[in-house]
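Here are my notes for your first look at this one. Keep the viewer open as you read, and find each residue as it comes up.

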Amino acid sequence: MVFLPFELFLMEVFLDRNLVPHCDIKIFAFSSACLSLKFLFNLPCIIGFGSEIIHQSFYDEQVNKRIQHELELNYLLQQIWGDRPLNLRLVMQSIVFFKTSSIILKDYGNKQKN
């Protein structure tokens with residue numbers, strides 16, 4: 001089985017030969033994969049699930065980790081998208097401090113009804 005990077009799909013389906021979108025697209029991301037969209041294609045990205053969905057869908061012990069991860073991603077995108085020139089050193093330093101951890105969604109399939 002072969003897995004192709006999302007960027008190849010994006011290029012084939014949504015971008016013209018000059019790597020400009022030929023339609024209005026909205027991209028939602030839930031990981032640091034969103035960073036390549038700015039670096040490669042200068043495309044904005046909406047980050048994460050948001051606090052309300054996180055509180056509803058993640059186990060309590062995972063909520064703070066997930067919210068922190070989304071805050072870190074938004075911080076990095078602000079560094080990339082800010083009005084000032086991109087400070088790649090600051091972005092790379094921030095990435096180094098990211099903590100990776102498994103986050104488990106609640107299993108609603110096994111939830112018993114009262």
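**Notes on the model**

1. Start with Leu8. Its relative accessibility is 43%, so Leu8 counts as partly exposed, because that label covers values from 20% up to 50%. You'll find Leu8 in helix 1, which spans residues 6–14. Before going further, bear in mind that this is a predicted model.

2. Leu8 also has company at the surface. Together with Val2, Leu4, Met11 and Leu19, Leu8 makes a nonpolar surface patch of about 480 Å². Try colouring those five residues to see the patch.

3. Now zoom out to the whole chain. You should be able to count 5 helices and 2 strands. Reading from the N terminus, their order is α-β-α-β-α-α-α.

4. How much of the chain is buried? Of its 114 residues, 28% count as buried. The area the chain exposes comes to about 8800 Å², with 58% of that supplied by carbon and sulfur atoms.

5. Next, look at how the chain folds back on itself. Take the contacts between residues at least 6 apart in sequence: 49% of these join residues at least 24 apart.

6. On to the inside. The largest nonpolar core has 14 residues, and Leu10, Cys34, Leu37, Leu43, Cys45 and Ile47 are the ones with the most contacts inside it. Helix 2 (34–41) and helix 4 each give this core at least two residues. Helix 2 provides the largest share, with 4 residues.

7. Leu37 deserves a closer look. Which residues is Leu37 in contact with, leaving aside its neighbours within four places in sequence? They are Phe6, Leu10, Ile27, Asn42, Leu43 and Cys45. Leu10, Leu43 and Cys45 may ring a bell: like Leu37, they are listed among the core residues with the most contacts.

8. Last, a charged pair. Side chains of opposite charge can pair when their charged atoms come close. A search of the whole structure turns up 1 salt bridge. Here the side chains of Arg66 and Glu70 meet, at 3.1 Å from N to O. Both residues sit in helix 4 (residues 60–81), and they are 4 residues apart, about one turn of the helix. Are these two buried or exposed? Arg66 is buried, and Glu70 is buried as well.

Methods
Residues numbered from 1 in each chain as written. Predicted model: local features only at pLDDT ≥ 70, side-chain atom pairs only at ≥ 80, totals over all residues. Heavy atoms only, no water. Patch = residues over 30% accessible without salt bridge, like charges linked within 9 Å, V, L, I, M, F, W, Y side chains within 5 Å. Areas by Shrake-Rupley, 256 points an atom, 1.4 Å probe, with all protein chains shown as cover. Salt bridge = Lys/Arg side-chain N within 4 Å of Asp/Glu carboxyl O. Buried < 20%, exposed > 50% of the residue type's maximum accessible area, 1.4 Å probe, protein only. Contact = heavy atoms within 4.5 Å. Core = buried A, V, L, I, M, F, W, Y, C linked by side-chain atoms within 4.5 Å.
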